[in-house]
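Hello,

Here is the structure I promised to pass on to you. Please have a look at it first, and then read my notes below.

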Amino acid sequence: MSNIIKGIAASDGVAIAKAYLLVEPDLSFSNEKTDNPEAEVQKFNEALNNSKIELTKIRNHAEEQLGADKAAIFDAHLLVLDDPELIQPIEEKIKNESASAPQALTEVTQGFITIFESMDNEYMKERAADIRDVSKRVLAHILGVELPNPSIIDESVIIVAHDLTPSDTAQLNKQYVQGFVTNIGGRTSHSAIMSRSLEIPAVVGTKSISESVQQGDMVIVDGLTGDVIVNPSDDEIKAYQHKRESFFADREALKQLRDEPSKTLDGHEVELAANIGTPNDLEGVHNNGAEGIGLYRTEFLYMGRDNMPTEDEQFEAYKKVLESMEGKRVVVRTLDIGGDKELPYLNLPEEMNPFLGYRAIRLCLDQPEIFRPQLRALLRASAYGKLNIMFPMVATIQEFRDAKALLLEEKENLKQEGVEVSDDIELGIMVEIPATAALADVFAKEVDFFSIGTNDLIQYTMAADRMSERVSYLYQPYNPSILRLIKQVIDASHQEGKWTGMCGEMAGDETAIPLLIGLGLDEFSMSATSILKARRQIKDLSRTEMVQLADRALNCATVDEVVDLVKEKTTKA
Ligand code: PEP
Ligand code: MG
């Protein structure tokens with residue numbers, strides 16, 4: 001019998017494949033003493049050997065798929081498995097104290113981890129992390145439990161997980177991963193956003209999928225509706241194969257609009273730009289007819305690695321994007337780390353409310369040694385295209401002024417060094433914090449442009465964590481309160497002859513687009529895969545009518561009233 005589980009539709013498309021459970025396995029054990037230490041030592045040695053075989057396989061696979069630098073972490077793990085200073089005390093503990101193999105392994109490795117972690121030394125902290133990883137693998141072998149190894153997947157699967165971090169998502173191999181489903185997360189969590197760039201159908205926030213699915217169960221992911229069907233019948237599989245084909249056919253048909261302008265029926269033109277995370281997303285940008293890049297989330301350059309990217313590495317990435325866009329505008333956002341985007345090597349303090357904490361521009365201004373190399377890399381890259389720079393999570397004018405001062409200082413330094421830097425860089429901010437929207441008229445005098453980050457603006461305005469599926473009903477882009485804030489920002493920028501874009505997920509939302517056209521939004525930046533659909537929709541809208549629609553929506557009381565208005569005004573007779 002099939003079982004339908006409902007979640008939040010996170011990335012369009014339909015996928016049908018076997019489930020691959022990416023969940024933490026149960027590695028608990030009883031701590032009884034052993035009456036056969038010899039056998040226990042042997043069990044431990046066998047687990048060591050099996051771990052080595054497995055790690056070597058993973059290492060080689062990682063080298064082939066991801067390159068030698070990504071494989072290096074597994075070399076470090078293999079070294080741990082050969083370290084007599086770790087192995088011997090474990091064997092002695094079993095022999096001398098009759099400790100069971102899991103007990104001896106856990107106690108000895110935990111001892112090392114505690115010592116290394118307490119040292120004020122990055123290298124030793126990394127070793128602690130290696131020992132923790134390796135110890136988990138050996139323990140799994142002792143207990144006969146299989147650990148998930150997503151990096152060695154070599155068949156079509158649908159990943160089922162409690163959560164996927166952005167770096168887990170970045171490592172998914174699109175060739176095999178057909179889709180994913182998670183327990184937690186909302187439409188604007190970063191793994192959901194990334195699934196759209198990767199064009200992997202995804203459903204998030206199902207609450208319990210990881211408990212409802214067994215390894216290898218057949219699963220259908222409907223990323224259009226948020227339905228997940230576990231163990232579907234033959235008829236259901238046929239129906240969804242059909243839906244999948246229609247989805248692809250529609251996507252093909254949209255390609256005709258690739259080089260068309262984004263213009264309403266009555267000639268009002270807007271810019272449809274793409275959000276990207278890495279230069280790898282450029283192919284999608286070009287295939288989907290983006291007129292620019294409205295948000296380059298640079299933090300992904302910093303993730304999935306063990307150390308900070310150098311100024312040169314960053315320069316190369318930015319230059320590649322600018323060159324590839326051939327003079328079209330590229331808006332690069334400076335580092336926005338924190339919230340659900342972690343950088344383990346920065347050892348940031350744990351906070352009760354990470355989305356309200358030490359993140360983005362707050363961290364960059366506090367640690368200029370991190371910020372300056374990025375600014376320099378951007379300034380150097382500015383000679384290769386049309387660069388705009390924007391700062392994330394700006395809450396006060398002072399933060400903007402401080403960030404701008406650092407940028408100008410680095411610009412001056414580079415010029416002194418004889419490096420070419422463009423004099424045509426526009427400098428803007430993301431409007432993500434209600435305080436900034438409220439003061440938009442003041443900001444508009446100092447910035448060159450705004451980009452409204454509705455993912456955060458909505459979470460802060462509604463006081464609803466964007467990662468929590470339980471309060472995801474409060475993600476209400478059409479709430480009149482949000483529309484009023486947006487209007488205030490757009491009007492303030494126009495008053496000063498500046499422009500406003502939007503790079504939150506709302507910019508590509510079918511119900512929001514008519515309202516945003518009416519409110520006068522200048523640039524819409526979205527997942528590249530949403531651009532052609534948005535262009536088709538805009539071509540059928542009348543700007544004059546949308547202005548009237550927006551005026552009425554601003555005075556509605558509820559989201560439902562706004563949605564009804566949009567439907568009434570945009571449904572063709
Ligand atoms: C936003 O907050 O809307 C945004 C685009 O930034 P991010 O999703 O990366 O927080
Ligand atoms: Mg944001």
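The protein has 23 helices and 16 strands. Its radius of gyration is 26 Å, close to the 25 Å that the globule rule gives for 573 residues, so the protein is as compact as a globular protein of that length. Please keep in mind that this is a predicted model. Along its principal axes, the C-alpha trace spans about 85 × 70 × 40 Å.

Next, the contacts and the inside. Among contacts in the protein with a separation of 6 or more, 69% are accounted for by residues 24 or more positions apart. Of the 573 residues, 54% count as buried.

In soluble globular proteins, nonpolar side chains tend to be buried together. Here, the largest nonpolar core holds 100 residues, and the members that touch the most others are I293, Y296, F391, F450, I486, L516 and F524. If you would like one residue to start from, try F391: leaving aside residues up to four places away in sequence, F391 touches T334, I361, F371, L375, F400, A403, K404, L427, G428, I429 and M430. There is also a second, separate core of 31 residues, with A47, L48, V138 and I142 among them.

Now for the surface and the charges. The protein exposes about 25400 Å², and carbon and sulfur atoms supply 48% of that area. The protein carries 59 positive and 96 negative charges, and the mean positions of the two sets are 5 Å apart.

Enjoy exploring it!

Best wishes

Conventions
Residues numbered from 1 in each chain as written. Chains lettered and ligands numbered in written order. Predicted model: local features only at pLDDT ≥ 70, side-chain atom pairs only at ≥ 80, totals over all residues. Heavy atoms only, no water. Helix = DSSP H or I, 4+ residues; strand = E, 2+ residues; numbered from the N terminus. Rg over C-alpha atoms; globule rule 2.2 N^0.38 Å. Buried < 20%, exposed > 50% of the residue type's maximum accessible area, 1.4 Å probe, protein only. Contact = heavy atoms within 4.5 Å. Areas by Shrake-Rupley, 256 points an atom, 1.4 Å probe, with all protein chains shown as cover. Lys, Arg positive; Asp, Glu negative; His and termini not counted. Charge placed at Lys NZ, Arg CZ, Asp CG, Glu CD. Core = buried A, V, L, I, M, F, W, Y, C linked by side-chain atoms within 4.5 Å.
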